[in-house]
Amino acid sequence: MTEPQLLSALRDSDWSGVPSSPGVYWWYFPMTSLERLRIAELCDVAKLRLRRTREGKVCLYHGMANNLAERIEWHAAQKLTVKCLQSGFLSTFRFTLLALNDFNYLEGAQEIDSFFDALSISWRVASTRGEAEAFEQAEFHGEYHYPLNIKGNRRPELIQYTRHLKSVRKAYKQRYVE
């Protein structure tokens, strides 16, 4: 696994430091995100095992990619269009953060990009897609919790929070699509 890197630095380098191979990645947030995103309110944080950086950030989201560079850029820089929201062709992670922060979808590109720029990310390269999928599954069944993952996240400690995520996302989409 690479050392976590500040997303703003990767954006400034036009994503040139991110490999285009398959792999898995981890998104790290400031500790204040546990309160800001209501994780501390809806989960017993003492029961959560979260990856941490040396600087004190906590990992709240984990994923797998066929191409790390494309996936990381997609999460962090995908353009916000109503068509993407209507069709569901929007990064689940980006959409979740838009909804949790209640950023205005039609005017929120700068807000969500600035939010992402304060995050850090690390990754682990895989030889094949199958190997990346195996890494991802091992991580979800391992010791760490990932509160912002919805799909495949069946940890009992996160059930109430996962329900909250689904509810917030549904309400947010209804507000901007209907």
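A contact means that heavy atoms lie within 4.5 Å. In this protein, residues 24 or more positions apart account for 74% of the contacts with a separation of 6 or more.

The structure is a predicted model, in which local features need pLDDT of at least 70, side-chain atom pairs count only at pLDDT 80 or more, and totals for chains, interfaces and linings use all residues. Residues are numbered from 1 along each chain as its sequence is written, and side-chain values use heavy atoms, with hydrogens and water left out.

**Overall form**

The protein has 9 helices and 4 strands; helices (H or I, at least four residues) and strands (E, at least two) are DSSP runs, numbered from the N terminus. From that terminus on, the elements run β-α-β-α-α-β-α-α-α-α-β-α-α. The radius of gyration is 16 Å, close to the 16 Å that the globule rule gives for 178 residues, so the protein is as compact as a globular protein of that length. This radius is taken over C-alpha atoms, and the rule is 2.2 Å times the number of residues to the power 0.38. Along its principal axes, the C-alpha trace spans about 45 × 40 × 30 Å.

**Burial**

A residue is buried under 20% relative accessible area, exposed over 50%, and partly exposed in between (1.4 Å probe, protein chains only). Buried residues make up 49% of the 178 residues. Helix 6 (residues 92-101) has 9 of its 10 residues buried, so this helix is largely enclosed by the rest of the structure. Among the buried residues of helix 6 are Phe93, Arg94, Phe95 and Leu97.

The table compares four residues by place and accessibility.

| Residue | Place | Relative accessible area |
|---|---|---|
| Ser122 | strand 4 (residues 120-125) | 0%, buried |
| Trp15 | loop between helix 1 (7-12) and strand 2 (23-29) | 7%, buried |
| Arg71 | helix 4 | 29%, partly exposed |
| Asp102 | loop between helix 6 and helix 7 (109-117) | 46%, partly exposed |

Not counting residues up to four places away in sequence, Ser122 touches Met1, Thr2, Glu3, Pro4, Val24, Tyr25, Trp26 and Tyr28.

Two of the tabulated residues also have a notable backbone angle. Most residues other than glycine have a negative phi. Trp15, however, has a positive phi near 65 degrees, and the phi of Asp102 is positive too, near 55 degrees. Asp102 comes just after helix 6.

**The largest pocket**

Rolling a probe the size of a water molecule over the atoms shows where empty space is left. A pocket is, on a 1 Å grid over the protein atoms alone, an open set of points where a 1.4 Å probe fits, with protein on both sides within 12 Å along at least five of seven lines; lining residues have an atom within 4 Å of a point. The largest pocket holds about 480 Å³ of space, a volume being the space filled by probe spheres set on the points, which are joined across faces, edges and corners. Of its 21 lining residues, Tyr61, Arg71, Glu136, Asn149 and Lys151 are the closest to the centre. Strand 3 (58-65), helix 4 (68-77) and helix 8 (129-140) are the elements that give two or more residues to the lining, and strand 3 gives the most, with 5 residues.

The lining divides into 8 nonpolar, 9 polar and 4 charged residues. Here Ala, Val, Leu, Ile, Met, Phe, Trp, Tyr, Cys and Pro count as nonpolar, Asp, Glu, Lys and Arg as charged, and the others, Gly among them, as polar.

Arg71 touches Tyr25, Met64 and Ala65, not counting residues up to four places away in sequence. Arg71 and Gln160 are 89 residues apart in sequence and 28 Å apart in space, C-alpha to C-alpha.
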